[in-house]
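Student: Please take a close look at one part of this model, starting with the backbone and the burial of its residues. Then set that part against other positions and against the chain as a whole.

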Amino acid sequence: MTARGAAAREPARSEPIGAPPFAVVSGAQVQDALQGREKQIVELVEATYRLHGAGASVNPPSYFLRFPDRPTARIIALPASIGGQARVDGLKWISSFPENVAAGIPRASAVLILNDHDTGYPFACLEGSIISATRTAASAALAADWLSRDRGRPTRIGFFGAGLIARYIHTYLAGTGWSFDEIGVHDLSADSAAGFCGHLERSGASGRITVRDSAEQLLRSSDLVVFATVAGQPHVSDLSWFQHHPLVLHVSLRDLAPEILLASANIVDDVEHCLQADTSPHLAEQRTGNRDFLDGTLDDVMAGRVTVPTDRTLVFSPFGLGVLDLAVGKYVYDEVVRSGGLRVVDDFFSELRRYG
Ligand SMILES: NC(=O)c1ccc[n+]([C@@H]2O[C@H](COP(=O)([O-])OP(=O)(O)OC[C@H]3O[C@@H](n4cnc5c(N)ncnc54)[C@H](O)[C@@H]3O)[C@@H](O)[C@H]2O)c1
């Protein structure tokens, strides 16, 4: 009797227990799940940093796929595993094509895959660019809060780079109780600066909004500085611009010359992650041959292990951790399930019997 014949005579079996259904979650569903949830998401990001700091996560180095024929473009893979209540594994796969902006579509596009803790099966593919921007903005708002607790909340904010990430960061600051007397905007593209200012006005942002033509003007007139450019190498190197010791959210990671970091206090999200891929902290390490310029991580600050100085420029450089994408992605997934809107692809896994 052939194996095929034996299998054919077996009674029909139900599918193995535990192969989860596979769902696709659209960007519109992601937006619905996150709308108006700034406080919850900042709390979730804080809890995730604490889990990561306590070692309840696996977050290997991001993998950068680059292309000789498209030097400004890249696609990054961020695999991660998170413990705690979320208990989920997964991968963010995010493209950055800066030339997209001129063509009228966003620079970044992404999917986020969630994998089941017990079986390893992928159980959801979510639109990832909104989740990525959201966790980035929530991390920035969290850092702005913790790092200004001793020095007092800045009331003059300046945005270097006026794209989608700048918009999300402003939304997250405003959504978690920040208001400003002055909002400065500096972008190499006048259209981007005008577009962002238009958004700020429509959103009812507090404070006077001013476009600054020069980088120096923006820096000198801001106590909270947000870098969200696409600069590939440092373009700010004049120490005298930092005499007023601002708090700097260095989200785009490659704007500041090493000498600025070496003259500042430095907080990162994860030391090993941040000191790679030619970020400014990586350049500072290469320049000095050591990591002495780093004061610690945001988790160190939140846990009270590190106290940040109030009389020096303070730079937060977040590499961006896959565990944050996972945590926010799982939150979105759970919200979509709760709302009854989960769209399952019924026959996504169709080879579930070992011998057919
Ligand atoms: N650290 C993280 O976790 C994290 C996460 C997401 C995005 N990012 C980074 O945030 C940055 C911004 O992303 P985005 O989606 O808003 O990009 P975007 O293309 O929408 O906007 C970037 C803006 O920066 C401007 N710009 C470029 N060089 C400049 C300079 N030297 N001075 C002033 N403005 C300049 C561009 O004209 C553009 O308007 C990217 O570098 C991205 O990699 C970081």
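Tutor: A residue counts as buried under 20% relative accessible area, as exposed over 50%, and as partly exposed in between. The model is a predicted one, and the part to begin with is Arg87. Arg87 sits in the loop that runs between β4 (70-82) and β5 (88-96). Its relative accessibility is 41%, so Arg87 counts as partly exposed. The backbone of Arg87 has a positive phi of about 40°, although the residue is not a glycine.

Leu253 also has a positive phi without being a glycine, with a value near 70°. The loop that holds Leu253 lies between β12 (247-250) and α8 (258-262). What is the burial class of Leu253? Leu253 has a relative accessible area of 6%, and is therefore buried.

From that loop one can step back into strand β12, where Leu249 is placed. Leu249 has a relative accessible area of 0% and is buried. Apart from residues up to four places away in sequence, Leu249 touches Ala140, Ala143, Ala144, Leu224, Val225, Val226, Phe227 and Phe316. Ile267 is 18 residues from Leu249 along the chain, and the C-alpha atoms of the two are separated by 9.8 Å.

Helix α8 gives a link to a further position. Its range is 258-262, and Ala284 is in contact with Pro258, Leu261 and Leu262, as well as with Phe293, when neighbours within four places in sequence are left aside. Ala284 itself belongs to helix α10 (residues 280-288). With a relative accessible area of 0%, Ala284 is buried. Between Ala284 and Leu294 there are 9.7 Å, C-alpha to C-alpha, for a separation of 10 residues in sequence.

Another helix position is Glu46, in α3 (residues 38-53). Glu46 has 19% relative accessibility and so counts as buried, since the class takes in values under 20%. Outside the residues up to four places away in sequence, Glu46 touches Leu142, Trp146 and Met302. Two of these partners, Leu142 and Trp146, carry numbers within the range of α4 (129-147).

The loop that follows, between α4 and β8 (156-160), holds Thr155. Thr155 is partly exposed, with a relative accessible area of 32%. Once neighbours within four places in sequence are set aside, Thr155 is in contact with Phe180, Asp181, Glu182 and Asp223. Thr155 and Glu216 are 61 residues apart in sequence, and their C-alpha atoms are 18 Å apart in space.

Ala205 is a further loop residue, placed between α6 (190-202) and β10 (208-211). Ala205 is buried, with a relative accessible area of 19%. The contacts of Ala205, leaving aside neighbours within four places in sequence, are His170, Ile183 and Leu200. Ala138 is 67 residues from Ala205 along the chain, with a C-alpha separation of 18 Å.

Two cysteines can be added to this set. Cys125 is buried at a relative accessible area of 18%, and Cys197 counts as buried at 8%. How many disulfides does a search of the whole structure find? The search finds zero.

That leaves the chain as a whole. The protein chain has 12 helices and 16 strands. Its radius of gyration is 22 Å, close to the 21 Å that the globule rule gives for 356 residues, so the chain is as compact as a globular protein of that length. The C-alpha trace spans about 85 × 45 × 45 Å along its principal axes. Of the 356 residues, 49% count as buried. Contacts between residues at least 6 apart in sequence include 69% that join residues at least 24 apart.

The accessible surface of the chain comes to about 16,700 Å², and carbon and sulfur atoms account for 51% of that area. The chain has 32 positive and 41 negative charges, whose mean positions are 4 Å apart.

Methods. Residues are numbered from 1 along each chain as its sequence is written. This is a predicted model: local features need pLDDT of at least 70, side-chain atom pairs count only at pLDDT 80 or more; totals for chains, interfaces and linings use all residues. Side-chain values use heavy atoms; hydrogens and water are left out. Helices (H or I, at least four residues) and strands (E, at least two) are DSSP runs, numbered from the N terminus. Buried means under 20% relative accessible area, exposed over 50%, partly exposed in between (1.4 Å probe, protein chains only). A disulfide is a pair of cysteine sulfur atoms within 2.5 Å. The radius of gyration is taken over C-alpha atoms; the globule rule is 2.2 Å times the number of residues to the power 0.38. Contact means heavy atoms within 4.5 Å. Accessible areas come from the Shrake-Rupley method with a 1.4 Å probe; for residues, only the protein chains shown count as cover. Lys and Arg count as positive and Asp and Glu as negative; His and the chain ends are not counted. The place of a charge is taken as NZ of Lys, CZ of Arg, CG of Asp or CD of Glu.
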